[in-house]
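Please open the structure in your viewer and keep the selection tool at hand, since this tour moves from one selection to the next. At each stop the text says what to select and what is to be found there.

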Amino acid sequence: MIRSGVRRAFRLALRRRDRWEREVEDEIKLHLSLRAEQLVAQGATPEEAFREAARRFGPLTESRARLLEAARHRELRMHRTEYIADLRQDVSFAARTLGRQKGWTAITILTLALGIGATTAVFSVVSTLLLSPVPFPHADRIVYVEQQPSQGNSTGIRVTITPSANVVRAWMQTAHSFEAIEGTAFGPRMLKTAGEPSRVMTAEVFPTFAQFAGQRPLRGRMFTAQDILNGGRVVALSESFWRQRFGSDPSVLGKMITLNDTSYMIVGILPAAVQIERRVRPADVFLPLDVQDDKRSMALLGRLRPGVTIEAATKELDSIFARTGQFSSGKLPFKTVITTPAQRVQMRDSLVMLTAAVALVLLIACANVAHLLLARSAARQRELAIRAALGAGRWRLLRQLLTESLMLAFLGSACGIFLGWVGLHGLIAMRPTWYDEIQLAHLNALTLWVAIGLAALSGIVFGLIGTVQSARYSAHDTLKNSATSVSASGRHHRGRATLVVSEMALSAMLLVGATLLIRSMANLQNADLGFDPKGLYAVRLPTEPGHDTMPAARSAFMTEFVSRLRQLPGVRSAAIASVAPGSRSFSIGRLEIDGETAPPAGTTLFVDVNQVEPGFFATMGIPLVQGTTFTDTSASARQVIINAGFARKHWGDESALGHRVRIAQNELSGKDEHPANSEPWLTIVGVAHDAATTGPGSESTAPVLYTASGATASPTVMVRTSGDAKALAPITGLLHTMGIRNAPTIDGTEEFLSRALSGPRFIMLVLSIFTGLALALAGVGLYGVMAYTVTQQTREIGIRVALGASGSRIARSVLWRGTWLAVLGAAVGLVSANWATKMIESQLHGVTRSDPLSFVSGALVLILVAIAACVVPTRRALAVDPMTAIRAD
Amino acid sequence: MSRLPVLKGTLDLLVLRALSWTPMHGFEIVSWLERAANSSLEIEDSALYQAVYRLEERGLLQAEWGVTENNRRARYYKLTSAGRTHLRAETRNWVQYADTVTSILTASKSGEPAPAGT
């Protein structure tokens with residue numbers, strides 16, 4: 001077998017098809033003529049000789065075809081063998097080369113791995129949560145349909161209304177924009193079949209839902225419209241629930257189960273893919289939802305017809321809704337809001353922001369790898385030139401460099417995927433307590449391909465950069481000059497400096513963003529809440545049958561319960577309130593102030609309302625800034641206490657006490673028993689300090705009305721303890737003695753607040769980690785450039801030292817150059833950050849997105865990192881011995 | 001004496017043997033075989049070329065264009081070291097095999113193998 005080098009030397013390897021075909025023909029021709037000559041020499045006539053030669057050769061057409069086939073086969077095989085041999089040689093050569101420079105190789109692989117790992121982790125989350133949020137066929141046309149108040153929602157939170165059954169029916173019957181509309185209602189129920197009652201998740205859906213989800217029942221059947229006519233006492237189990245709870249027992253079909261005191265017959269098992277939304281806790285049991293039942297309202301999802309835009313569908317649903325009721329002055333109380341599944345993903349903006357941030361980290365990593373490779377190719381000029389002079393073709397050298405780069409890329413992406421896996425689990429571990437969906441994220445095929453594609457691309461691109469660099473110098477020039485003088489060419493250097501400046505700029509952007517989020521987080525944590533959350537608990541009593549229909553009985557019960565509760569050791573005070581921290585309750589209407597012009601009719605406002613006992617403010621630790629707490633809790637006294645923010649906004653420095661306010665209900669609130677303007681006036685008796693009970697950072701100037709009447713009808717009690725929740729342990733027993741069997745829910749206000757902060761904290765942490773990564777990578781990049789510069793300038797430094805330059809002067813020049821690159825990068829980065837911080841503007845509290853402190857500190861940190869990166873190169877420069885440096889090659 | 005057809009697989013061996021002396025082109029191999037076999041083997045000329053290509057594909061031969069004594073361009077084949085090893089091993093096998101088969105075929109009725117050489 002011919003060794004590849006020999007074969008190449010004689011240009012035998014890559015022969016085109018016509019060439020070897022011609023060779024076969026030539027060989028046959030030569031054979032025939034030689035044979036004929038032989039026969040003629042033995043005495044045959046030329047004609048006889050040719051005939052005999054052809055006979056001995058065999059049937060010509062057939063033989064030729066056979067020989068051509070054999071030759072083709074031979075060429076193919078030999079080509080392949082040679083290719084594999086070359087590849088093996090390239091790979092082992094690359095492995096040896098990389099192995100010789102362990103430090104360099106490790107840094108390059110680590111850089112790639114960090115970039116790819118961070119990208120993989122974030123992209124796994126994004127692709128699971130944002131790119132494929134629903135499991136239905138034609139997912140691109142699936143939308144969610146809701147209603148929102150058309151005006152007056154000044155609360156800053158998203159208020160949605162689930163449409164009532166009559167509206168849903170109108171939409172289903174007349175809307176052309178939708179192929180299908182499905183109503184759903186999701187919630188827990190108590191399963192009381194077999195053993196202890198347990199909580200199961202239930203989804204009420206239309207009988208058509210399985211079909212909508214593109215699935216058939218695994219066993220049995222889906223419930224039907226007929227089932228609903230028959231009373232709807234049927235359920236279908238989800239596959240996973242059937243397997244876990246019933247051990248995949250096929251005989252459950254036809255059996256009864258009891259949910260919340262109602263019995264249902266199991267008619268079918270639905271495959272796991274039938275779910276309303278991707279959830280951590282999916283529905284275990286599906287119940288029929290009756291769209292004919294006007295008492296119901298339901299969440300809606302639908303599949304748009306192909307080509308129908310969301311705007312068109314919204315318009316159509318609005319116009320159908322307008323025909324379903326009598327609305328004065330043509331104003332609709334609710335507007336239709338259609339959202340795509342991706343828009344409904346929690347923390348969508350934050351995820352998009354993190355994707356952008358991780359893209360910056362990846363860019364920095366790529367820039368780093370680029371100049372690591374550039375530095376190396378510069379150092380290898382001579383090696384490449386020698387190999388070229390020894391006869392290696394340009395293509396061969398290119399292949400060699402590409403093999404090396406791809407090998408780095410492969411190792412980098414393998415480590416990167418591992419880091420990505422670790423990172424993803426890190427993200428899941430750090431997740432906000434309420435953000436369980438993130439657990440659904442996993443490394444999927446798409447993510448892996450993207451990561452591998454990135455690695456391969458970076459390998460090829462950087463491989464090419466190296467080769468182009470080396471191709472710029474002819475072998476002759478390179479060998480003639482010393483390595484030092486060639487590699488120090490200015491152009492080469494400027495390219496690398498540009499890369500470092502870009503890295504610094506990208507890091508600066510991340511630094512500013514992270515600093516802003518950190519400052520915002522600090523503001524949230526140190527914010528004055530206006531009440532004292534320590535040892536404060538909300539005790540919510542279970543609803544007992546009968547209490548709903550008899551408010552007086554409940555009132556009496558609650559009063560008794562609270563008075564007993566106050567006796568418990570460790571309980572300092574307790575007060576009934578209709579709204580506990582973390583939740584809000586609104587009165588929707590026109591807020592009028594006595595003596596001022598009323599807002600125009602039809603204006604609606606969401607006014608926070610809380611019905612509280614007089615002791616509420618003391619229990620909560622909310623100081624009263626004006627007046628006192630309620631002195632008369634009777635309904636006829638109509639006393640109200642307002643929040644300081646609203647009082648300040650409306651009355652400025654004057655006292656709000658004695659003024660009267662009322663919420664004029666109108667048709668939009670759905671209450672007709674009080675026609676507009678007949679609502680009684682409430683007299684302000686006190687002004688309470690603003691209390692951020694829904695978490696820090698909430699709006700304080702929006703009106704909050706505390707009223708006294710009817711407070712005792714609420715099942716929620718705010719309890720101030722002297723210590724922790726243990727003081728509240730006897731409550732269950734207390735309730736038992738009062739005849740209530742079920743346990744109450746007890747929510748700590750501090751836990752609630754920390755939960756409220758866990759979202760911003762998560763985003764801040766992740767962005768800070770990415771910023772740290774970016775800084776480390778950029779620092780390594782700068783270090784690389786500076787170390788390289790010092791090496792290149794060894795001779796120059798030596799001369800300067802010999803001419804009497806002091807050590808501090810040399811150090812200054814190295815440090816100055818590094819810092820200058822950082823300053824340049826910081827300048828570019830801060831300008832870009834000024835634009836890029838728009839992405840996090842909505843997440844900032846108490847700090848604007850152009851906060852000068854964040855910008856300045858970002859730049860300072862960057863420059864400090866730059867100086868740190870220059871320490872080692874500077875020391876190396878100081879250690880230059882002039883005699884050695886000048887004599888060296 | 002009639003001409004014997006070449007047994008399957010032995011042609012490759014014969015070609016390798018032919019080339020074990022010196023590199024040859026196709027017709028030289030044919031002529032050498034005819035001379036060596038004293039024209040008692042029946043080989044179709046095209047079959048020989050097929051064998052040569054096959055051997056080249058397996059890396060046992062290597063080809064190179066050269067010029068004949070009469071100044072004609074011809075494809076010369078040369079044994080590679082792999083080919084030489086292969087020839088040695090296969091020759092040993094063949095001889096052993098042929099001996100065994102011969103001894104069985106020419107054994108006396110008693111079942112005793114006839115002494116070699118008879």
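Begin by selecting strands β16 and β19 (residues 704–707) of chain A, which pair in the antiparallel sense over three bridges; the model on screen is a predicted one. Within this pair, Ile641(A) stands opposite Tyr706(A) of β19(A). Now add strand β18 (residues 682–688) of chain A, which runs parallel to β16(A) and is joined to it by five bridges, with Gln639(A) placed opposite Thr683(A) of β18(A).

Stay on β16(A), residues 639–643, and colour by burial: five of its five residues are buried, so that the strand is mostly covered. In a regular strand the side chains alternate between the two faces of the sheet. Here Gln639(A), Ile641(A) and Asn643(A) point one way, while Val640(A) and Ile642(A) point the other way.

Next, select the open sheet of four strands in chain A, whose order is β12-β20-β11-β21 and whose pairing is antiparallel. Why is one side of β12 (571–576) and of β21 (745–748) in chain A left without a neighbour in the sheet? Both strands stand at the edges, and because each has a single partner strand, one side of each remains unpaired in this sheet. Neighbouring strands of the sheet are turned by 25° against each other on average, direction ignored. To look at one edge in detail, select β12(A) together with β20 (residues 716–721) of chain A, an antiparallel pair joined by five bridges, in which Ile576(A) has Val717(A) of β20(A) as its bridge partner. Then bring in helix α22(A), which packs on the sheet by touching β11 (536–540) and β21 of chain A, its direction making about 60° with that of β21(A).

Follow α22 (residues 749–792) of chain A to helix α24 (residues 807–836) of chain A; the two axes come within 11 Å and cross at roughly 145°, and the crossing is right-handed. Which residues meet here, from α22(A) and from α24(A)? On α22(A) they are Leu782(A), Met786(A), Thr789(A) and Val790(A), and on α24(A) they are Val814(A), Arg817(A), Gly818(A), Leu821(A) and Ala822(A). By class, this contact has six nonpolar, two polar and one charged residues.

Keep Leu782(A) selected, as the next stop is the largest nonpolar core, which has 96 residues. Leu782(A) is one of the six that touch the most other members, along with Val361(A), Met504(A), Ala508(A), Phe770(A) and Ala774(A). Neighbours within four places in sequence left aside, Leu782(A) is in contact with Val500(A), Gly818(A), Leu821(A), Ala822(A), Ala866(A) and Ala869(A). A second, separate core of 53 residues can be selected as well, and it includes Ile588(A), Ala691(A), Val717(A) and Met718(A). Val717(A) is also the bridge partner of Ile576(A).

Finally, zoom out and show both chains. In chain A, 21 residues are in contact with 20 residues of chain B. Helices α2 (17–41), α3 (46–57) and α4 (60–100) of chain A each supply at least two residues of the side that touches chain B, and α4(A) gives the most, with nine residues. By class, this side of chain A has nine nonpolar, four polar and eight charged residues.

With all of chain A in view, its secondary structure comes to 26 helices and 21 strands, and 38% of its 889 residues count as buried.

How values were computed
Residues numbered from 1 in each chain as written. Chains lettered and ligands numbered in written order. Predicted model: local features only at pLDDT ≥ 70, side-chain atom pairs only at ≥ 80, totals over all residues. Contact = placed C-beta atoms within 7 Å. Nonpolar A, V, L, I, M, F, W, Y, C, P; charged D, E, K, R; others polar. Axes fitted to C-alpha atoms, helices over the stretch in contact; angles between N-to-C directions. Left-handed = near helix turned anticlockwise from the far one by under 90°. Core = buried A, V, L, I, M, F, W, Y, C linked by C-beta atoms within 7 Å. Buried ≥ 20, exposed ≤ 12 C-beta atoms within 10 Å, placed from the backbone. Pairing = 2+ DSSP bridges.
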